[in-house]
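Q: Please take a close look at a single part of this structure, chosen so that a newcomer can then find the way through the rest. A connected account in formal terms would be welcome.

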Amino acid sequence: MPSALLEFQAVSYRYPSAAQPAIANLNLSIFAGQKTAILGHNGCGKSTLLLLADGLYRCSSGVIAWKGEPLRYHAPLLNQWRQRIGLAFQDPEHQLVAATVAEDISYGLCNLSLSRAEIAQRLHQTLLDFSLQDLADRPLHHLSLGQKRRVALAGVMALQPELLLLDEPTAYLDRRQTRHLLAELDRIHARGTTIVMATHDLDLAYAWADWVIVLHAGQVALSASAAQVFTQVDVLHRLQLGIPTLLECWYTLPAAWRDRHSPPKTIAELQSYWLNNSPR
């Protein structure tokens with residue numbers, strides 16, 4: 001098992017005036033180098049967990065630690081914390097603050113006390129990495145939702161975090177935009193960034209994640225490799241999450257045939273199984 005980057009140790013958080021905590025005595029670890037999906041119904045605590053992880057919310061009790069060092073809620077230390085951990089919000093409008101694409105990506109860099117030459121270099125590289133050169137001077141309000149998501153993600157990655165947190169990153173995107181986003185995330189992950197994605201999309205989590213955490217009522221219901229989590233069909237149904245569409249199809253096939261193969265992660269893999277080893 002790789003080392004833990006981020007740990008929640010008996011963490012709880014209650015919103016003001018709320019009858020129940022949004023996060024309750026939660027323990028979990030985010031491991032370096034993995035693609036982790038956090039699953040659960042709306043209101044289960046996914047977004048709250050990410051806001052706590054980024055230090056935007058202060059936990060009511062418990063400890064959040066980065067490589068064993070507890071989070072301390074002092075402005076200079078929080079700035080250092082957020083250089084290691086980048087958070088992309090579900091709605092990019094909540095993240096974009098400047099007038100143009102280049103200005104918005106530069107905004108966070110200017111807060112790092114970098115030299116002008118370093119800011120210019122990082123801006124140039126980020127525009128290249130995210131294929132935003134042609135949009136650099138475009139006003140943000142002229143962008144599509146997919147473009148705004150790309151700019152928001154670029155602004156986070158310009159800070160070169162070790163851990164990237166994404167809150168429902170594919171919400172409101174069409175299939176083409178989702179495909180482009182996932183290709184971007186694959187590129188970011190290949191360069192060494194650990195990624196955590198909160199999503200309610202079982203199919204996405206099944207195809208994308210190495211590790212899956214299932215939240216229910218602010219607590220961890222499951223935490224294991226994706227392969228292990230998605231074999232716990234009874235638990236997933238009991239939590240009223242169901243299972244990914246591909247697995248629904250898989251379980252309709254004869255058990256004797258399924259026993260000879262691992263469950264496919266993609267439609268192409270299932271088609272390959274079927275064409276090469278169709279049951280007789």
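A: Two strands are said to pair when DSSP finds at least two bridges between them. The description below rests on that criterion, and it concerns a predicted model.

The part chosen for close inspection is the sheet that contains strand 1, an open arrangement of four strands in the order 2-1-4-5 with antiparallel pairing. Strand 2 and strand 5 (69-70) stand at its edges with a single partner strand each, so one side of each has no neighbour in the sheet.

Strand 1 offers a convenient starting point. On one side, strand 1 (residues 4-13) runs antiparallel to strand 2 (residues 23-31), and six bridges join the two. Within this pair, L6 stands opposite I30 of strand 2. On the other side, strand 1 pairs with strand 4 (residues 61-66), again in the antiparallel sense, over five bridges. Here Q9 faces V63 of strand 4, while L6 has W66 as its bridge partner in strand 4. L6 can therefore serve as a landmark for the reader, since I30 stands opposite it in strand 2 and W66 is its bridge partner in strand 4.

The sheet continues from strand 4 to strand 5, which pair in the antiparallel sense over two bridges. In that pair, A65 has P70 of strand 5 as its bridge partner. Helix 1 packs on this sheet, where it touches strand 1, strand 2 and strand 4, and its direction makes about 115 degrees with that of strand 1. Helix 2 (residues 75-84) also packs on the sheet, touching strand 1, strand 4 and strand 5, and makes about 60 degrees with the direction of strand 4. The link between strand 4 and strand 5 is a hairpin with two residues between the strands, and K67 in its turn has a positive phi of about 50 degrees.

Helix 1 leads from this sheet to another part of the model. Helix 1 (residues 46-53) also lies across strand 3 (35-39), strand 6, strand 7, strand 8 and strand 9 (211-216), and runs at about 150 degrees to strand 7. These strands belong to an open sheet of six strands, ordered 6-7-8-3-9-10, in which the pairing is mixed. Its edges are strand 6 (85-88) and strand 10 (219-225), each of which has a single partner strand, so one side of each lacks a neighbour in the sheet. On average, neighbouring strands of this sheet are turned by 15 degrees against each other, direction ignored.

One pair from the six-stranded sheet may be set beside the pairs described above. Strand 7 (residues 163-167) and strand 8 (residues 194-198) are joined in the parallel sense by five bridges. In this pair, the bridge partner of D167 in strand 8 is A198. Helix 6 (residues 175-190) lies across strand 3, strand 7 and strand 8, and its direction is about 145 degrees from that of strand 8.

Helix 6 in turn leads to helix 5. The axes of helix 5 and helix 6 come within 11 Å and cross at roughly 10 degrees. This makes helix 5 roughly parallel to helix 6. Their contact brings G146, R150, L153 and M157 of helix 5 against Q177, L181, E184, L185 and I188 of helix 6. By class, these residues comprise five nonpolar, two polar and two charged.

Helix 5 also meets helix 3. The axes of helix 3 (residues 101-110) and helix 5 (residues 145-157) come within 8 Å and cross at roughly 30 degrees. Helix 3 and helix 5 are therefore roughly parallel to each other, and helix 3 passes helix 5 in a right-handed crossing. V101, D104 and I105 of helix 3 make this contact with V151, A154 and G155 of helix 5. Of the residues in this contact, four are nonpolar, one is polar and one is charged.

The chain as a whole contains twelve helices and ten strands. Its radius of gyration is 20 Å, close to the 19 Å that the globule rule gives for 280 residues, so the chain is as compact as a globular protein of that length. Along its principal axes, the C-alpha trace spans about 70 × 45 × 35 Å.

Technical notes
Residues are numbered from 1 along each chain as its sequence is written. This is a predicted model: local features need pLDDT of at least 70, side-chain atom pairs count only at pLDDT 80 or more; totals for chains, interfaces and linings use all residues. Side-chain values use heavy atoms; hydrogens and water are left out. Axes are lines fitted to C-alpha atoms, for helices over the stretch in contact, and angles run from 0 to 180 degrees between N-to-C directions. Angles under 35 degrees count as roughly parallel, over 145 as roughly antiparallel, 65 to 115 as roughly perpendicular and the rest as oblique. A crossing is left-handed if the near helix is turned anticlockwise from the far one by less than a right angle, and right-handed if clockwise. Contact means heavy atoms within 4.5 Å. Ala, Val, Leu, Ile, Met, Phe, Trp, Tyr, Cys and Pro count as nonpolar, Asp, Glu, Lys and Arg as charged, and the others, Gly among them, as polar. The radius of gyration is taken over C-alpha atoms; the globule rule is 2.2 Å times the number of residues to the power 0.38.
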